[in-house]
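Visitor: I'd like to learn how to read this model with you. Could we go from the overall fold down to single residues?

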Amino acid sequence: MKKVDMTQFNEKQIQAIGLLSMPNKGGLQFDEIAEQCGISVRQLHRWRKQPEFKQAIVEQSLENVKEVLPNVLKAHQKQAERGNIKAIELFYKLFGLLVEKQEIEQTVHNKDKDNDQLAKDLADLKSLIDEAKAE
């Protein structure tokens, strides 16, 4: 996915993106975020409906956790090494070593008709169509 161009946002929007991308919104409620940005709560909710604004929040949230990611991966690795099955499974999935696969089996029943019977049925249908056209 293409990265959001932050230059499309004004200063208040960038401030709102920063606050909304913090864990638990920095402990703030929407009305407090709106007040800090100098906008109405209604305006904040309108911005939050815009796809580019939403994407900017996601990107900023990911940027916020980059510095702790090595610690999280190390903790995850320790859990996997201790035999935590879920941690092992997630570890494999994370690195593309485990892909969930679903198999679908489809059975078609043709009531054991052979080619001769199918040809006869087709001829009967054509005959019915011709009769209908003649009427």
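**Reading the fold**

Guide: Sure, and keep in mind that this is a predicted model. Going from the N terminus, the elements of the protein chain run α-α-α-α-α-α-α. That makes seven helices and zero strands.

Visitor: How does the radius of gyration of the protein chain compare with the globule rule?

Guide: The idea is to set the radius over C-alpha atoms against what the globule rule gives for the number of residues. Here the radius of gyration is 30 Å, well over the 14 Å that the rule gives for 135 residues, so the chain is more spread out than a compact globule. Along its principal axes, the C-alpha trace spans about 80 × 55 × 25 Å.

Visitor: What percentage of the residues count as buried?

Guide: For that you need a cut-off: buried means under 20% relative accessible area. By that standard, 16% of the 135 residues of the protein chain are buried. The chain exposes about 11400 Å², with carbon and sulfur atoms supplying 53% of that area.

Visitor: Which residues touch the most other members of the largest nonpolar core?

Guide: With a core, look for the residues that join up with many others. In this one, which has 16 residues, Ile33, Leu44 and Phe53 touch the most other members. Two or more core residues come from each of helix H1 (11-20), helix H2 (30-37), helix H3 (41-48) and helix H4 (51-65). H1 gives the largest share, four residues.

Visitor: Say I click on Ile33. Which residues is Ile33 in contact with, beyond its neighbours within four places in sequence?

Guide: Leaving those neighbours out, Ile33 is in contact with Leu19, Leu20, Lys25, Leu28 and Leu44. Leu44 turns up again here, having been listed with Ile33 among the residues that touch the most core members.

Visitor: Now a loop residue. Is Ser21 buried or exposed?

Guide: Don't judge by the element alone; check the accessibility. Ser21 is found in the loop between H1 and H2, and it counts as buried because its relative accessibility is 4%. Outside its neighbours within four places in sequence, Ser21 is in contact with Ile57, Gln60, Ser61 and Asn64.

Visitor: What about helix geometry? How far does helix H5 reach from its first C-alpha to its last?

Guide: You compare the end-to-end reach with the span expected at 1.5 Å a residue. H5 (residues 69-81) has 13 residues and reaches 18 Å, close to the 18 Å expected. Just after H5, look at Gly83, which takes a positive phi of about 100°.

Visitor: Last topic: how many salt bridges does a search of the whole structure find?

Guide: Three. For each, look at the N to O distance, then at where the partners sit. Glu63 pairs with Lys66, their closest N and O atoms being 3.3 Å apart. Glu63 counts as partly exposed at 40% relative accessibility, whereas Lys66 counts as exposed at 51%.

Visitor: And where do Lys93 and Glu89 lie?

Guide: Both are in helix H6 (residues 85-94), four residues apart, about one turn of the helix. Their salt bridge has its closest N and O atoms 3.0 Å apart. Lys93 is partly exposed at 31%, and Glu89 is partly exposed at 25%.

Visitor: Why are Asp124 and Lys120 separated by about one helical turn?

Guide: Because they are four residues apart in helix H7 (residues 115-134). Their side chains meet in a salt bridge at 3.2 Å, N to O. Asp124 counts as partly exposed at 38% relative accessibility, and Lys120 is partly exposed with a relative accessible area of 46%.

How values were computed: Residues numbered from 1 in each chain as written. Predicted model: local features only at pLDDT ≥ 70, side-chain atom pairs only at ≥ 80, totals over all residues. Heavy atoms only, no water. Core = buried A, V, L, I, M, F, W, Y, C linked by side-chain atoms within 4.5 Å. Buried < 20%, exposed > 50% of the residue type's maximum accessible area, 1.4 Å probe, protein only. Contact = heavy atoms within 4.5 Å. Expected span 1.5 Å × (residues − 1). Rg over C-alpha atoms; globule rule 2.2 N^0.38 Å. Areas by Shrake-Rupley, 256 points an atom, 1.4 Å probe, with all protein chains shown as cover. Salt bridge = Lys/Arg side-chain N within 4 Å of Asp/Glu carboxyl O.
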